[in-house]
Amino acid sequence: MTVRASTSSRPAGAYRVDSVFLPYAAFLVAYGNAAAYLAGSALPHGGAGVLFGVTLVAAVLVIARLEGLTLADLGLRRERLALGAGIGFVLALLAVGGAILVLRFPPLVGGPVTYAPLAAVAPAELATRIALTMPLDTVIPEELAFRGLLLAQLLRRYRAPAAVALSALVFAAWHVVIVLATLAETNLAPDPLFGALGLAGAFLAVFAGGVFFATLRLVTGSLAAPLAAHWGFNTALLVGLRAFAV
């Protein structure tokens, strides 16, 4: 992608984001839920998930170019790359500790929350998921799509807090199918009350994750921070849930 002059030099009001934000947000919600339905949510993900991820990355880069967004607008800058990644990874590990504790000792439930498909995943398959397929079908596509292009679009129109909140809402909507499918495979599903609480908690957690990743992107100025945080959080969560399942 050719780097162009920064959008920060554009006069206020010179670009109306509404014309591209809403269609792009709707596209993300539809694409993410369709991909989750077609590729399936059970582990380990196969080639279909990777294909959807790579296709999304290509679409995001084309849209960004058409809109005149720069690499810096997307957070793809070389400066502070290692620092941003390090900050994101460390903060993710700190955050995931609380999540694992809640899943291990959930209120009202007499035991840890378990995810059935993980019990059947061999250690080698889990390692492949963490090191290869998860970055390609989840971490890189989602961060580029949400904390890259979507956040850049929103920042052209809204102040940072509103842009972060809106991007997190779209991020939560992207996860509807996978949250429902994942919850159905847990030990919370048979009980209506626990299932409802689990559903609310899952969407709240996804929204909070969207806020966390977007804030990291803005504070560090680099997409490397939410990329590392997303990968670190998901990795630690998978390993923790795998320990509960065996």
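The legends below describe an overview and several close-up views of a predicted model.

**View 1. Overview of the protein chain, a helical fold without strands.** The secondary structure of this predicted model comes to 9 helices and 0 strands, and the pattern read along the sequence is accordingly α-α-α-α-α-α-α-α-α. The protein chain has 246 residues, of which 42% count as buried. When contacts between residues at least 6 apart in sequence are considered, 84% of them join residues at least 24 apart. The views that follow turn to particular helix pairs, salt bridges and single residues.

**View 2. The packing of helix α2 against helix α5.** Two packed helices are described by the angle between their axes and the distance between the axes. Helix α2 covers residues 47-66, and its axis comes within 8 Å of the axis of α5, the two crossing at roughly 25 degrees. Because angles under 35 degrees count as roughly parallel, α2 and α5 are roughly parallel to each other, and their crossing is left-handed. On the α2 side the contact is made by G49, V50, G53, V54, L56, V57, V60, L61, I63 and A64, which meet T133, L136, D137, I140, P141, L144, A145 and L149 of α5. Sorted by class, the residues of this contact comprise 14 nonpolar, 3 polar and 1 charged.

**View 3. A salt bridge between R129 and D137.** Side chains of opposite charge can pair when their charged atoms come close. The structure holds 2 salt bridges, and in the one shown here the side chains of R129 and D137 meet with an N to O distance of 2.7 Å. Both partners, R129 and D137, are buried. D137 also appears in the preceding view, where it is among the residues of α5 that meet α2.

**View 4. A salt bridge within helix α5, between R147 and E143.** In this pair the closest N and O atoms of R147 and E143 are 2.6 Å apart. Both residues lie in helix α5, which spans residues 123-155, and they are 4 residues apart, a spacing of about one turn of the helix. Are R147 and E143 buried or exposed? The cut-off for buried is a relative accessible area under 20%; R147, at 0% relative accessibility, therefore counts as buried, and E143, also at 0%, counts as buried as well.

**View 5. Helix α3 packed against helix α8.** Helix α3, residues 81-104, and helix α8, residues 192-220, pack with their axes 11 Å apart and at an angle of about 150 degrees. Since angles over 145 degrees count as roughly antiparallel, α3 and α8 are roughly antiparallel to each other, and the crossing they make is right-handed. From α3 the contact involves G84, I87, G88, L91 and A92, while α8 contributes F212, L216 and T220. By class, this contact of α3 with α8 has 5 nonpolar and 3 polar residues, with no charged residues.

**View 6. Helix α7 packed against helix α8.** The axes of α7 and α8 are 10 Å apart, and the two helices pack at an angle of about 140 degrees. That angle makes α7 oblique to α8, and α7 passes α8 in a right-handed crossing. V176, V179, L180 and L183 of α7 make the contact together with G195, G198, L199, A202, F203 and V206 of α8. The residues of this contact of α7 with α8 divide into 8 nonpolar and 2 polar, and no charged residue takes part.

**View 7. H175 in the loop between α6 and α7.** H175 lies between α6, residues 160-174, and α7, residues 176-184. With a relative accessible area of 12%, H175 is buried. Which residues are in contact with H175, once its neighbours within four places in sequence are left aside? They are N33, E142, F203 and V206, and F203 and V206 are also among the residues of α8 in the contact with α7.

**View 8. A160 of helix α6 and its contact with L218.** A160 is found in helix α6 and, at 33% relative accessibility, counts as partly exposed. Leaving aside neighbours within four places in sequence, A160 is in contact with L155 and L218. A160 and L218 are 58 residues apart along the chain, and their C-alpha atoms are separated by 8.3 Å.

Key:
Residues numbered from 1 in each chain as written. Predicted model: local features only at pLDDT ≥ 70, side-chain atom pairs only at ≥ 80, totals over all residues. Heavy atoms only, no water. Salt bridge = Lys/Arg side-chain N within 4 Å of Asp/Glu carboxyl O. Buried < 20%, exposed > 50% of the residue type's maximum accessible area, 1.4 Å probe, protein only. Axes fitted to C-alpha atoms, helices over the stretch in contact; angles between N-to-C directions. Parallel < 35°, antiparallel > 145°, perpendicular 65-115°, else oblique. Left-handed = near helix turned anticlockwise from the far one by under 90°. Contact = heavy atoms within 4.5 Å. Nonpolar A, V, L, I, M, F, W, Y, C, P; charged D, E, K, R; others polar.
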